[in-house]
Amino acid sequence: MSDDTPPSATAFSADDECYMRRALQLAAHARDAENEVPVGAVLVQGDDIIGLGWNRNITLNDPSAHAEIMALRAAGEKLSNYRMPGATLYVTLEPCAMCAMALVHARIGRVVYAATDPKTGAAGSVFDTLVSDRHNHRVAVEGGLLAEASSTMLRDFFRSRR
């Protein structure tokens, strides 16, 4: 198994793939429009997209402006609520510990990510933050959807900056 495909990889639905492709478009936007690390996120509740996000740390001078956080902020504003029970987050890179805890606090039901993050991943790669049984809320986690596309985008981005 390559390091791009986590052991939790499962069969994904056509909707899952569609939402992840949208997240990849947002990652490309982060890279192309804002010269940010290409990570994109789409937050879905039922059949509705409730939040979109892409990395904006550099643009906003904000260390918390990760794609997942930006999607949560947009959804919170749209829903007038800080909780999104049952929502699914599609993100192109495994969430870090900061984002994982925000997802737990928002009561996200499911996280689907593309590429693993072997340095700071908090959905089982490095930390078990999203899948910890210590939380009073459980988040279902599935990884590996369109992992190669995301990994390639990230790898190419970092190579171009060296």
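1. A word on terms before we start: two strands count as paired if DSSP finds at least two bridges between them. With that in hand, look at strand 1 (40–45) and strand 3 (88–93) in this predicted model. They pair in the antiparallel sense over four bridges, and leucine 43 stands opposite leucine 89 in strand 3.

2. Now for the sheet around that pair. Five strands make up an open sheet with mixed pairing, and their order is 2-1-3-4-5. The edges are taken by strand 2 (48–54) and strand 5, each of which has a single partner strand, so one side of each is left without a neighbour in the sheet. On average, neighbouring strands are turned by 15° against each other, direction ignored.

3. Which strands does helix 1 touch as it packs on the sheet? Helix 1 (residues 14–34) is in contact with strand 1, strand 2, strand 3 and strand 4, and its direction makes about 145° with that of strand 1. Helix 3 (67–79) lies across strand 1, strand 2 and strand 3, and runs at about 140° to strand 2.

4. The largest nonpolar core deserves a look of its own. This core has 30 residues, and those with the most contacts inside it are Leu43, Leu72, Met84, Leu89, Ile108, Val111 and Leu130. So the facing leucines of point 1, Leu43 and Leu89, are both on that list. At least two core residues come from each of strand 1, helix 3, strand 3, helix 4 (97–105) and strand 4. Helix 3 provides the largest share, five residues. Separate from this core is another one, of 15 residues, including Tyr19, Leu24, Leu26 and Leu145.

5. Valine 111 is a good residue to click on. Leaving out residues up to four places away in sequence, valine 111 touches Leu89, Val91, Pro95, Leu103, Leu130, Val139, Ala140, Val141 and Glu142.

6. On to helix 4. Its residues Cys99, Ala100, Leu103 and Val104 are buried. Viewed down the helix axis, the buried residues fall within an arc of 140°, so they line one face of helix 4. Among the elements that cover them are helix 3, strand 3 and strand 4. Just after helix 4, arginine 107 adopts a positive phi of about 65°.

7. Isoleucine 69, in helix 3, gives a residue-level view of helix packing. With a relative accessible area of 9%, isoleucine 69 is buried. Apart from residues up to four places away in sequence, its contacts are Ser64, Met98, Cys99 and Ala102.

8. Histidine 135 is worth a visit too. This residue sits in the loop between strand 4 (110–115) and strand 5 (140–143). Is it buried or exposed? Histidine 135 has a relative accessibility of 17%, and since buried means under 20%, it counts as buried. Beyond its neighbours within four places in sequence, histidine 135 is in contact with Met101, Val104 and Thr129.

9. How many aromatic pairs does the structure hold? There are two. Tyrosine 19 and tyrosine 90 form a tilted pair, 5.2 Å centre to centre with 35° between the planes. This pair links distant parts of the chain, with tyrosine 19 in helix 1 and tyrosine 90 in strand 3, 71 residues apart. Both tyrosine 19 and tyrosine 90 are buried. In the other pair, phenylalanine 157 and phenylalanine 158 have ring centres 5.2 Å apart and planes at 80°, so the pair is edge-to-face. Phenylalanine 157 is buried at a relative accessible area of 5%, whereas phenylalanine 158 is partly exposed at 36%.

10. Finally, two loop residues with backbone angles you may like to check. Asparagine 35, in the loop between helix 1 and strand 1, has a phi near 50°, a positive value in a residue other than glycine. Asparagine 35 is partly exposed, with a relative accessible area of 46%. Leucine 146, in the loop between strand 5 and helix 5 (147–161), has a positive phi of about 55° although it is not a glycine. Leucine 146 is buried, with a relative accessible area of 19%.

Methods: Residues numbered from 1 in each chain as written. Predicted model: local features only at pLDDT ≥ 70, side-chain atom pairs only at ≥ 80, totals over all residues. Heavy atoms only, no water. Buried < 20%, exposed > 50% of the residue type's maximum accessible area, 1.4 Å probe, protein only. Contact = heavy atoms within 4.5 Å. Core = buried A, V, L, I, M, F, W, Y, C linked by side-chain atoms within 4.5 Å. Arc of directions from axis to C-beta. Axes fitted to C-alpha atoms, helices over the stretch in contact; angles between N-to-C directions. Phe/Tyr/Trp six-rings, centres within 6.5 Å; stacked < 30°, edge-to-face > 60°.
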